[in-house]
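Here is a set of exercises on chains, domains and helices that touch one another. Try each task with the structure open, then follow the solution step by step.

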Amino acid sequence: MDLYTEGDPVADTRAPEGPIETRWERRRFSAKLVNPANRRKMTVIVVGTGLAGGSAAATLAEQGYRVRSYCYQDSPRRAHSIAAQGGINAAKNYRNDGDSIHRLFYDTVKGGDFRSRESNVHRLAEVSVNIIDQCVAQGVPFAREYGGLLDTRSFGGAQVQRTFYARGQTGQQLLLGAYQALERQIGLGNVEMNSRHEMLELVLVDGKARGIVVRDLVTGEISTEMADAVVLASGGYGNVFYLSTNAKGCNVTATWRAHRKGAYFANPCYTQIHPTCIPVSGDHQSKLTLMSESLRNDGRVWVPKAKGDDRDPRDIPEAERDYYLERIYPSFGNLVPRDIASRAAKNVCDEGRGVGPTKLGVYLDFADAINRLGRKAIEAKYGNLFEMYERITGEDPYEVPMRIYPAVHYTMGGLWVDYDLQSSIPGLFVIGEANFSDHGANRLGASALMQGLADGYFVLPATIANYLAAGPFEAVDASHPAAVEARRDVETRIARLLAVDGDRTVDSFHRELGQIMWEHCGMERTDAGLRKAIDEIRALRDQFWQRVRVPGDGEGLNQSLEKAGRVADFFELAELMCVDALHREESCGGHFRAEHQTPDGEAQRDDDRFAYVAAWEYTGTGEPAVLHKEDLKFEYVHPTQRSYK
Amino acid sequence: MNLTLRIWRQKGPEDKGRMVTYQVEDVSPDMSFLEMLDVLNERLILSGEEPVAFDHDCREGICGMCGLMINGDAHGPQRGTTACQLHMRQFSDGETIDIEPWRARAFPVVKDLVVNRNAFDKIIAAGGYITAPTGSAPEAHSTPVPKADADAAFESAACIGCGACVAACPNGSGMLFTAAKITQLSLLPQGQPERYTRVIGMVDAHDEAGFGGCTNAGECTVVCPKGIPLNTIGRLNRDYLAATAKNGGKPGS
């Protein structure tokens, strides 16, 4: 059986033509407006309360729409954006170091390995400067210079200092800013907040997204909520790998359910493996912890020159160390983009030069920086990260070099959206990590926070109005046949999960699925490996539905049931990721196919065949998906092979 | 390591609840505390028992979702560490560990070790923000902020809203949480216009939610995983006093 078929190309992305500098301005002007009296009559559902969802819900409510917000955590403040450490990019050029909107645009298109849309990325760069203004006005305590102005630093893949930060907790501070704006709207009665609720199905009426089915995680009650439009801001799907830097609850269910209802899923194989995470310590490991890559500004990455060198790193003389990033990439050194740093670490470990008990690790050494700047300066910059490292590993990184290894961190793929951030389902908008839009095949450091807030504060609130201007739409309630059917699907599925009553836990399946994905759809992929993975995923998925044991019932809090539903969706997504990775016979960004590399081991793109977005249409579990291609045109940044040497 | 766990089990808000004893074997010192509970839960599921419900999400000490009383200490024995970042090397072989939920009037138990902390959100909704609707912001550099103020604001803003301060407080007070937000926003020039309405609104919401009053016991700051200092409460009290003075001596807005 074929793994996929090819359908019509994507007809229209709604991106304006003409000079790129004015596309966003022109799109905003051409978008229809909704008058304030009508806004009060319209309801928008927002799923997820991270940087994208929280900022969108707050902003839409400020504009006068009725907003219903949902999150699975006990408070909207806990969305996983909170864990982002390093910073947020913005083209302010406060450093006078040659930065500009055009340069941020250029760097992001190049960093994405020429697999993103120029129009979207330019808009992102334009909006970046407004984000900083907005956050400062909200009281986000960014790092400052002694003169009282904002401090910036450089970050992976950039040669200018455009990254704003709040110690190692930038995501937390930005999210709390958005959360506080959201709470203000909740207090004013403009947002109805539903925490500990999980979206389990999308409701389509006459082809439009008109509602969702949610489960109250505390009471187990299933309910159908209707609205004029639905916004998904439910984050990425890195947890398909089981071990990742994502929070334990992060899942693909909201977007996958929408995909099953007709929303295209774009570029699912583009996953970012972050180079600086704490290595796995044993079989019990439940998640991986990121060490901000800002550490690479001062830390030097190395392994011993000799294989199997087990000496204490402090006893290995300079001459016997290989600072491999500085050696291979002299102009960017330790600051090469994430995909390159990760693969380089894998390569030296594959050569047998890895360090630590598992030999899957490399050193990140601060000895030089401590000598040069003093321990106090390093403490001020990275104190909380060093403490976190010591708590987890029991080793003091001021004395002994850190050990790091790559881990799954971010997913560039996601639901396909047009320039307006609308999916292929009318009325369904997708923002933040949940969409595929701006990062191409690789995201640059400090760009996720920028994109989440750009989408939520500035882009979606402008573009959704154009859709809602055609409303208010015909009133529908939970008794509509489509809503009843969606709700019945949810109930059937929950009953099915509970009925298996097998002999394996959900986690044991999830762990095994993660191993298959890491082995065959991780840092390096091959034709044979991906085919093998697809077979293994299918077999394991069958086993799951025959052998999983979900204790308890659907009434009330049942964390095993929550996990089971999420893992069931990961099984379906995993197959699509492998099909996407298999069909893309080139290497680009986070997608490295071993068959497609330059003689010196760098990723080799094939622009003639693959300069397109792969948007997949669902046809049934285990059935061949339909590929719709959206051709990418590069008018401003000419595709070249990325070189960081 | 082999451990004896005594864990609070409670089916729902109405159930009385009780401590139940479990044995866990072969615990690695490199496990986190929550990974040790994962191991127990896997075993309970396979033996047909209901696993222990506990809140957790990021498992890197920043989301504030986890919260356990471990041997009577909020987040356990290690200072400046959330339960998810606590590792088993902090315990010794053969030890008996008591695990309970946060206990406070404002945090009712949902199930087992899971509590409802919505009261914290209500305090923020009552004034824990700066009113700056999207699009209204001036250029970021138009108002410099002295570095010392920015750094001190950050220190308070580091609060993760886990509720350990409330659980540790003999009065079940949420003052440290409330004061952390008030301190952050009142140190910044952008926070000045709403400074006094904010403190009244937040303190009123705090009291309405059923938190107790502060008697300077100081337990809160000891267990705070982010080290929010006790003097933030002093700052809250000063602002509250100034606000009531401005309001003709009457609290409330």
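**Exercise 1. Find the domains of chain B, and work out how they meet.**

Step 1. Chain B is divided into domain 1 (3-111) and domain 2 (117-246); such bounds come from an automatic or database domain assignment.

Step 2. Before going on, note that this is a predicted model, in which local features need pLDDT of at least 70 and side-chain atom pairs count only at pLDDT 80 or more, while totals for chains, interfaces and linings use all residues. Residues are numbered from 1 along each chain as its sequence is written, and chains are lettered from A and ligands numbered from 1 in the order in which they are written.

Step 3. Taken over C-alpha atoms, the centres of domain 1 and domain 2 of chain B are separated by 29 Å.

Step 4. Now look at the contact: 18 residues of domain 1 of chain B touch 18 residues of domain 2 of chain B. Two residues are in contact if their C-beta atoms, placed from the backbone, lie within 7 Å.

Step 5. Sorted by class, the domain 1 side of this contact in chain B has 8 nonpolar, 7 polar and 3 charged residues. Here Ala, Val, Leu, Ile, Met, Phe, Trp, Tyr, Cys and Pro count as nonpolar, Asp, Glu, Lys and Arg as charged, and the others, Gly among them, as polar.

**Exercise 2. Describe how chain A touches chain B.**

Step 1. In total, 61 residues of chain A are in contact with 64 residues of chain B.

Step 2. Which helix gives the most to the side of chain A that touches chain B? That helix is α6(A), with 9 residues. Helices (H or I, at least four residues) and strands (E, at least two) are DSSP runs, numbered from the N terminus.

Step 3. By class, the chain A side divides into 20 nonpolar, 26 polar and 15 charged residues.

**Exercise 3. Follow α6(A) to its two helix partners.**

Step 1. Two packed helices are described by the angle between their axes and the distance between the axes. Axes are lines fitted to C-alpha atoms, for helices over the stretch in contact, and angles run from 0 to 180 degrees between N-to-C directions.

Step 2. Within chain A, helix α3 (residues 51-63) packs on helix α6 (residues 170-187) at about 35°, with the axes 8 Å apart. The contact residues include Gly54(A) and Ala58(A) of α3(A), and Leu174(A) and Ala178(A) of α6(A). This contact has 10 nonpolar, 3 polar and 1 charged residues.

Step 3. Across the chains, α6(A) packs with helix α2 (residues 118-125) of chain B at about 85°, again with axes 8 Å apart. That angle makes α6(A) roughly perpendicular to α2(B), a label for angles of 65 to 115 degrees; under 35 counts as roughly parallel, over 145 as roughly antiparallel, and the rest as oblique.

Step 4. Gln180(A), Glu183(A), Arg184(A), Ile186(A) and Gly187(A) of α6(A) meet Asp121(B), Ile124(B) and Ala125(B) of α2(B). The classes here are 3 nonpolar, 2 polar and 3 charged.

**Exercise 4. Decide how α5(B) and α6(B) are oriented.**

Step 1. In chain B, the axes of helix α5 (residues 175-187) and helix α6 (residues 195-208) come within 11 Å and cross at roughly 170°.

Step 2. Therefore α5(B) and α6(B) are roughly antiparallel to each other.

Step 3. Among the residues in contact are Ile182(B) and Leu185(B) of α5(B), and Val199(B) and Met202(B) of α6(B). The contact has 5 nonpolar, 3 polar and 2 charged residues.
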